[in-house]
Every structure is written in C-alpha cells, then in structure tokens.
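Student: Could you take me through the strands of this chain, question by question?

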Protein chains: 2
Amino acid sequence: MNGNNTLKEIAEVLKSAKTVLLFPHVNADGDALGSCAALTRALLGLGVQCRILIEDKIADNLAFLDDGFTTFDGNIFGAAPDICVAVDNGEPDRFPKRKEVFYTGRTLVCIDHHPTSKPFADFNYIDPAAAATGEIVYDLICAMGAKVDKKIAEALFAAITTDCGNFQYSNTTRRTFEIACELMDTGFNLVEVSNAIYQNNPPQRIKLEAEIMGTMELCGDGKVAIAYVTQEMLRETGARLEDTDGIINVLRGIAGVEVAALFKENDEHKIKLSMRAKSYANVSEVAQEFGGGGHVRAAGCTLEMTMTEAIATMKPHIVNAVNK
Amino acid sequence: MNGNNTLKEIAEVLKSAKTVLLFPHVNADGDALGSCAALTRALLGLGVQCRILIEDKIADNLAFLDDGFTTFDGNIFGAAPDICVAVDNGEPDRFPKRKEVFYTGRTLVCIDHHPTSKPFADFNYIDPAAAATGEIVYDLICAMGAKVDKKIAEALFAAITTDCGNFQYSNTTRRTFEIACELMDTGFNLVEVSNAIYQNNPPQRIKLEAEIMGTMELCGDGKVAIAYVTQEMLRETGARLEDTDGIINVLRGIAGVEVAALFKENDEHKIKLSMRAKSYANVSEVAQEFGGGGHVRAAGCTLEMTMTEAIATMKPHIVNAVNK
C-alpha cells in the first residue's frame with residue numbers, strides 16, 4: 001500500500017469539508033454504488049453536503065441504493081466541491097465525462113481496491129487486499145466516528161456481497177465475514193438487499209441468457225468458454241446490454257472451464273470483452289495488453305473492431321493465458 | 001427447541017461410542033453431506049469408527065466431500081452400530097431404504113435444522129434457527145473438544161454456504177457469518193470448495209437450463225413462475241435430473257416473481273415438485289398439504305400423477321399461496 005494515507009487522515013479531511021462529490025466508475029456496479037451510498041449517508045449524518053455524480057443511468061437492480069443521492073449535475077453545489085472522491089476506481093479515465101469536474105475539487109481523494117490502481121489524488125487509500133471498496137468504506141466510516149446504521153449496512157452489504165461473488169471468490173477473507181457480522185448487528189434486512197440485487201431479473205434477461213448460451217464455444221481443450229452478444233440479439237429479446245451482467249459466471253461455471261470470455265457488441269466497431277478466471281489464469285494481463293484492466297481473475301478491455309475480428313484476435317491470447 | 005438435549009450431552013454420547021453410522025437424507029445436498037463429512041472426520045480424529053450410510057449416488061459436485069467415508073453397506077461394522085445419527089433430516093422416512101438399519105443402532109440421535117422436524121430419537125438436537133445443520137455440527141464438534149481443521153472447515157463451509165444460498169437467504173444470521181470467520185481461521189481454501197460446488201456444471205446442464213426456461217409460464221399476475229422438466233428433455237440434452245439443481249433459483253430470480261415452482265418428472269406418474277419463495281409466501285404449507293415438507297421458503301412434495309395433471313392440480317394452490 002505504497003503512497004497510501006491513513007484512513008484517519010482521510011476521515012479528518014472529509015469531515016472538515018462542506019461539500020463532497022463522489023465519483024463511482026462508469027456502469028457503476030454494486031461495490032461502486034454501494035460504497036458511494038454508504039459514504040454519502042455517513043457524511044450527510046455528519047452535516048457534510050454530499051452527492052454522487054454519475055454519467056450513466058444506474059442499473060435497475062441497484063436503484064434501491066440511490067436515496068436521492070445521485071446527480072448528473074457537476075455544478076450541484078453551485079461552486080467547486082471542497083473534495084472530490086474517486087470511489088472504486090483508480091483513475092479518472094474510469095469516469096471520462098466527469099473527469100473535468102473531478103479536477104475542480106480543491107482536494108482530491110481516491111478510495112479503491114483494484115490492484116492495477118496507482119495513487120493519483122492528494123489523498124489515496126488503495127488496498128488490493130480488500131474484497132471490495134465497501135470494506136474500506138466501512139473502516140473509513142468507523143474512522144469518521146459515524147454510526148453504521150441499517151441503511152448504511154444495506155449499502156455496504158450490497159457493495160461487499162456483489163464484489164466477492166457472495167463470499168465465494170478468492171478475494172473473500174476473514175475480514176469480509178467479520179464486517180458482515182458487524183453489519184448484521186445493525187439489524188438490516190439482508191434478504192431484502194439480496195432480493196433487490198439478484199431476484200430482480202427481467203424475463204427478457206432470461207431469454208437473452210438462453211440466446212448467449214447458444215453462441216457458446218469451448219476451446220483450448222475445454223478450458224476456455226467463449227460466447228458473445230450482439231446488438232441484434234438485444235433487439236430480438238428486448239433485453240439491454242446491462243442484462244448480460246452475471247451471464248459470464250454461468251460460462252465460467254462449466255466443468256473444466258478455467259476462463260470464460262464474453263464479447264459484447266457496444267456498437268459495430270466497439271466490442272467490450274469481459275473475462276473471468278476460475279482458479280489460476282491471469283486475465284488481468286490479457287486485458288492490460290489490450291489497454292484494459294481489472295483484477296487477476298476478473299478483467300476486461302475494449303476492442304475497436306468487429307465482433308468476428310475481436311474474437312479471432314483475442315482467442316489465442318486467452319488460450320495462452322490458461323496454458324501458462 | 002422443545003424436547004432437545006444439549007449438544008454437550010450428544011457430544012459425550014458420541015465420544016463414548018466405538019462405532020457411529022451417519023444417515024444423511026436421500027439425494028443428499030451440500031448441508032447433509034458436508035455435515036456428515038465434518039462429523040465423520042471429527043469422530044475419526046477422536047478414535048471413533050464412523051461412516052456415512054447412503055442409498056443413492058452422491059452428486060458429482062459434492063464428491064470432494066467423500067474421503068472414503070460413504071458406504072452402501074449397512075453392515076459395515078460387522079455388528080449393529082453403537083449409535084445411528086440422522087443428519088439434516090427429521091424423520092427416518094427421509095432415508096427409506098436405510099430405515100431398518102437405522103433402528104438397529106443401540107442409541108439413536110437426530111441432528112437437524114428443519115422446522116417441520118420433531119424429536120423422534122433417543123437424543124435430539126433440532127434447531128430451526130440454524131441456517132444449516134452444518135452450523136449445529138460446528139458447535140457439536142467444538143463441544144466434543146475436537147479440533148476444527150482445514151478439511152473439517154471445508155466440509156462445514158460447503159454445508160453452510162449451500163443451505164443459506166451463499167449468505168443471501170433469510171436464514172442467514174450473524175452466527176452464520178461468525179462461524180464462517182472461525183472456519184477461515186483454519187486457512188481452508190474457500191475458493192476451491194466454492195469452485196467444486198458451483199463451477200462444475202456439465203455443459204449439458206447449461207443446455208437443459210435453456211430448455212427448461214423455454215417451458216416457463218408466468219401466472220398469478222406474474223407472481224408465480226412455473227416450469228417443468230420431463231424425462232424426454234433429459235434424454236435430448238444428455239443431462240440428468242440432478243442437473244436441474246439450482247435452476248429453480250433462476251426462475252425465482254425473475255422480477256415480480258414471488259414463488260418459483262419446478263415440476264420434475266421422475267417417471268411417468270411420479271412428479272417431484274420443488275417450490276421456492278422469494279420473500280413472504282409460505283410454500284411449506286402447500287407442500288405439507290400434499291404430503292411433502294421443507295422450509296417456509298423452500299419446500300417440495302411428490303405427486304403420483306402425470307405432468308399435465310400435476311401442474312393443473314398444483315397451480316391454484318401455488319397462486320393461492322402468493323395471494324395470502
């Protein structure tokens with residue numbers, strides 16, 4: 001954790017502010033949004049004005065985290081924010097349309113757990129050992145002396161459980177379960193949170209999943225499962241690109257598969273590739289080679305080519321990663 | 001917990017035995033088998049001969065729990081066992097082909113967490129507040145003074161995580177997370193266990209899932225999702241009936257659905273119905289009315305009729321349960 005400040009320092013900086021603007025990454029996931037929502041509630045409780053600046057619509061199944069906290073207005077406070085905080089992302093390129101607003105902050109803070117992140121703000125806390133940024137935010141809220149109430153617990157549980165694959169991924173530690181214990185003490189409704197996140201799939205998502213499974217191809221001696229989704233498949237099923245979230249885990253869940261790769265057509269010449277490894281392959285390396293990033297076992301990159309080209313280009317690199 | 005003995009009493013009884021035979025329920029799930037495997041290891045460590053008597057093949061994804069512990073031979077010890085223990089099932093009807101052997105035990109014990117169970121053995125510990133029988137077995141092993149090592153932790157984690165839906169179901173408590181913390185202290189490999197259980201789907205299971213989703217019907221104003229699987233569908237996809245495990249959760253995961261019902265054709269006039277509720281419906285009541293049982297939000301029954309009759313018979317009862 002080179003170049004890190006202490007959470008105590010960051011807590012003091014945040015508490016001394018009048019206005020704080022939080023920056024989750026684009027296509028905010030449970031960890032990004034849950035961490036932001038928890039931090040917002042804690043700061044509001046301490047009398048600090050706080051909002052979450054977003055640049056794209058929040059996923060339906062995470063909407064319960066937004067209690068009027070999110071805004072598309074970078075000038076929400078009518079003046080430059082005292083503090084801008086990058087949450088769950090280690091570089092301003094992860095919030096491209098809000099980058100300029102971010103740098104208007106008088107003090108810049110970064111709170112993240114991605115191993116590829118490097119300190120770039122005035123105050124940084126990057127801990128790749130944390131299963132989720134939500135774990136760090138839990139400690140930060142405690143360091144601020146704020147009370148972790150039911151609603152904060154809801155948001156932090158959402159953050160943590162989504163990022164550690166419901167306590168099944170390799171990033172899950174004793175600390176992850178310890179924090180879960182402490183969140184349970186607030187009496188928050190775990191099953192409500194869980195249902196909101198996971199039991200909320202539109203029927204068209206189920207249809208899309210069946211379609212995607214139809215494109216599945218096993219290669220690399222059955223160690224790699226490749227599938228894709230095109231804009232046409234989305235039109236046919238009435239689903240949206242966000243509806244593909246989680247489908248990659250079904251691919252990875254096939255016996256013998258080490259890496260699952262899902263190619264998603266953003267537009268005709270822009271393919272987003274997501275990769276998930278099961279136990280040993282380093283997909284972060286593959287992603288980084290093509291200008292992407294992420295975690296060792298969960299990474300992605302964007303390819304400016306057609307779907308056919310993208311699959312042909314990446315297949316040997318992915319197969320190579322499982323044979324290392 | 002009326003009629004319960006203390007775990008200390010049961011621990012002493014087990015430790016004083018020379019031979020112990022464990023009885024998981026038919027079609028043993030992660031909790032039944034994980035609990036048995038953990039208890040077997042602990043007893044073997046204390047010098048007690050212990051085996052798990054089964055009557056059907058263990059599911060492939062749970063085979064890692066069986067370290068030579070299971071047997072189909074009711075006479076494995078060459079004499080009546082000192083103790084027979086029903087594990088994760090509250091009545092000998094849940095292990096019909098082994099019932100006779102069970103009653104040869106000089107002392108009978110029952111360790112279970114199903115709310116419909118009633119004390120029937122010489123020593124009983126039934127705790128419906130436990131998320132899994134694995135939680136009780138953890139406490140029992142501690143009460144026996146045995147060390148919870150990595151292999152016992154693996155088995156107990158498998159038991160607990162499968163029965164509490166990876167810490168997402170309403171049965172998950174602070175205690176569930178506390179035990180997870182204590183299991184983590186053994187240094188067991190959580191991701192290996194999790195991969196063995198969940199990342200081990202045969203490709204034909206994926207095909208079957210797509211087929212089953214094709215039969216999906218929403219009724220009761222979209223609050224009930226019904227689907228079915230026939231022997232013909234199994235033949236076509238090359239999948240087995242066990243491959244349907246977990247598919248019901250996909251049905252329940254549809255937005256607006258409160259109860260998912262999956263009808264499985266065992267043979268032409270024997271339909272097994274599994275029901276899962278999302279947040280409020282009591283499916284245990286429905287199951288009990290038709291001679292089945294289970295938990296409030298996860299129950300099932302067997303119907304001696306054709307698939308068409310079974311669906312027609314049960315649909316109004318299920319719709320009724322969501323409208324209560």
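**Strands and their neighbours**

Tutor: In β1(A), T19(A), L21(A) and F23(A) point one way while V20(A), L22(A) and P24(A) point the other, and all are buried (20 or more other C-beta atoms within 10 Å of the residue's own, exposed being 12 or fewer and partly exposed in between, with C-beta atoms placed from the backbone). This is a predicted model, in which local features need pLDDT of at least 70, side-chain atom pairs count only at pLDDT 80 or more, and totals for chains, interfaces and linings use all residues. Residues are numbered from 1 along each chain as its sequence is written, while chains are lettered from A and ligands numbered from 1 in the order in which they are written.

Student: Which residue in β2(A) is the bridge partner of L21(A)?

Tutor: Strands are DSSP runs of E with at least two residues, and helices runs of H or I with at least four, numbered from the N terminus; two strands pair if DSSP finds at least two bridges between them. Four bridges join β1(A) to the parallel strand β2 (residues 49-53) of chain A. In β2(A), the partner of L21(A) is R51(A).

Student: Which residue of β4(A) stands opposite F23(A)?

Tutor: β1(A) also pairs in the parallel sense with β4 (residues 83-87) of chain A, over five bridges. Opposite F23(A) in that strand stands A86(A).

Student: Which strands stand at the edges of the open sheet of six strands?

Tutor: The order in this sheet of chain A is β7-β8-β9-β10-β12-β11, with mixed pairing. Each edge strand has a single partner, so one side of it is left without a neighbour in the sheet, and these strands are β7 (217-219) and β11 (293-294) of chain A.
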